[in-house]
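This report describes selected helices and a pocket.

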Amino acid sequence: MIKNEFIGKYSIQGLLSMEFFLDSTDLEEIKRLNNLGIIDGLTTNPSLIYKAKTPFEKLIKNICSEIKGPVSVETVAESSSQMINQGVRLSKMAKNIVVKLPMTWEGIKACVELSKININTNVTLCFSTSQAILAAKAGATYVSPFIGRLDDANLDGVQLIREIKQIYSNFNYKTKILAASIRTKNHVSQSAIAGADVATIPPKVFDTLVNHNLTDQGLEIFNSDWNKSGQKIL
Ligand code: G3P
């Protein structure tokens, strides 16, 4: 029986453990949560970059020096050739950069080319299984199904994760399913049950993961009874 020892951040049994990425460009929040020791990576997007109100290169370098795992940064271009050029430049900013590409034909073409030169990619704005198949066939490192936005449209975001997982298992595709557009802790747990490899979680959602009223109630009783016992742990 393998003892539940830890090698680095991964348990022996949990080498396939679900990875937690932060979905944020707020450096203070990133540092605060990274301090927990369980953050495996980070994703950004052009809207989060805009929100940061910080010069782009400085922001990305600061994030990449704080987060040692994969950091997704998105290209903003029309043509695949522009995306490839931007992707090569982004990959030189830090060794843990993952190049985010849009789920368009130009994005798919750029993904094929960047994959050929071993630049990690994350095909984003995925809303269907056919799109997810394209990402896998293009050699994407990650595909990002946006489950919150599907729910907003009265569709079933977690069901998409299930279906992508089934398809990827059917054909042994290596692309990792990165559940994005996470709005609640239920999205995180349901994505894990559905088989997502990664969940990228906004800090405000991440903070709720540990909460449960029965935990609070139980701890209050334990502490109260311990104090009444008069015992001491040396
Ligand atoms: O990584 C994608 C994520 O930031 C999008 O989230 O809430 O804008 O759909 P949201």
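Helices (H or I, at least four residues) are DSSP runs, numbered from the N terminus. The model is predicted: local features need pLDDT of at least 70, side-chain atom pairs count only at pLDDT 80 or more, and totals for chains, interfaces and linings use all residues. Residues are numbered from 1 along each chain as its sequence is written, and side-chain values use heavy atoms, leaving out hydrogens and water.

The largest pocket (an open set of points on a 1 Å grid over the protein atoms alone, where a 1.4 Å probe fits, with protein on both sides within 12 Å along at least five of seven lines) has a volume of about 510 Å³. Its lining (residues with an atom within 4 Å of a point) comprises 24 residues, and D23, S24, L48, K51 and P202 lie nearest the centre. Helix α2 gives the most to this lining, with 4 residues; α2 (46-52) and α10 (203-206) each supply at least two.

Helices α1 (residues 27-34) and α3 (residues 56-66) have axes that come within 10 Å and cross at roughly 5°; the two are therefore roughly parallel (angles under 35 degrees). In their contact (heavy atoms within 4.5 Å), L27, I30, K31 and N34 of α1 meet N62, I63 and E66 of α3.

| Residue set | Nonpolar | Polar | Charged |
|---|---|---|---|
| Contact of α1 with α3 | 3 residues | 2 residues | 2 residues |
| Lining of the largest pocket | 8 residues | 8 residues | 8 residues |

Here Ala, Val, Leu, Ile, Met, Phe, Trp, Tyr, Cys and Pro count as nonpolar, Asp, Glu, Lys and Arg as charged, and the others, Gly among them, as polar.

Just after α11, G230 takes a positive phi of about 70°.

Technical notes:
Axes fitted to C-alpha atoms, helices over the stretch in contact; angles between N-to-C directions. Parallel < 35°, antiparallel > 145°, perpendicular 65-115°, else oblique. Points joined across faces, edges and corners; volume = space filled by probe spheres on them.
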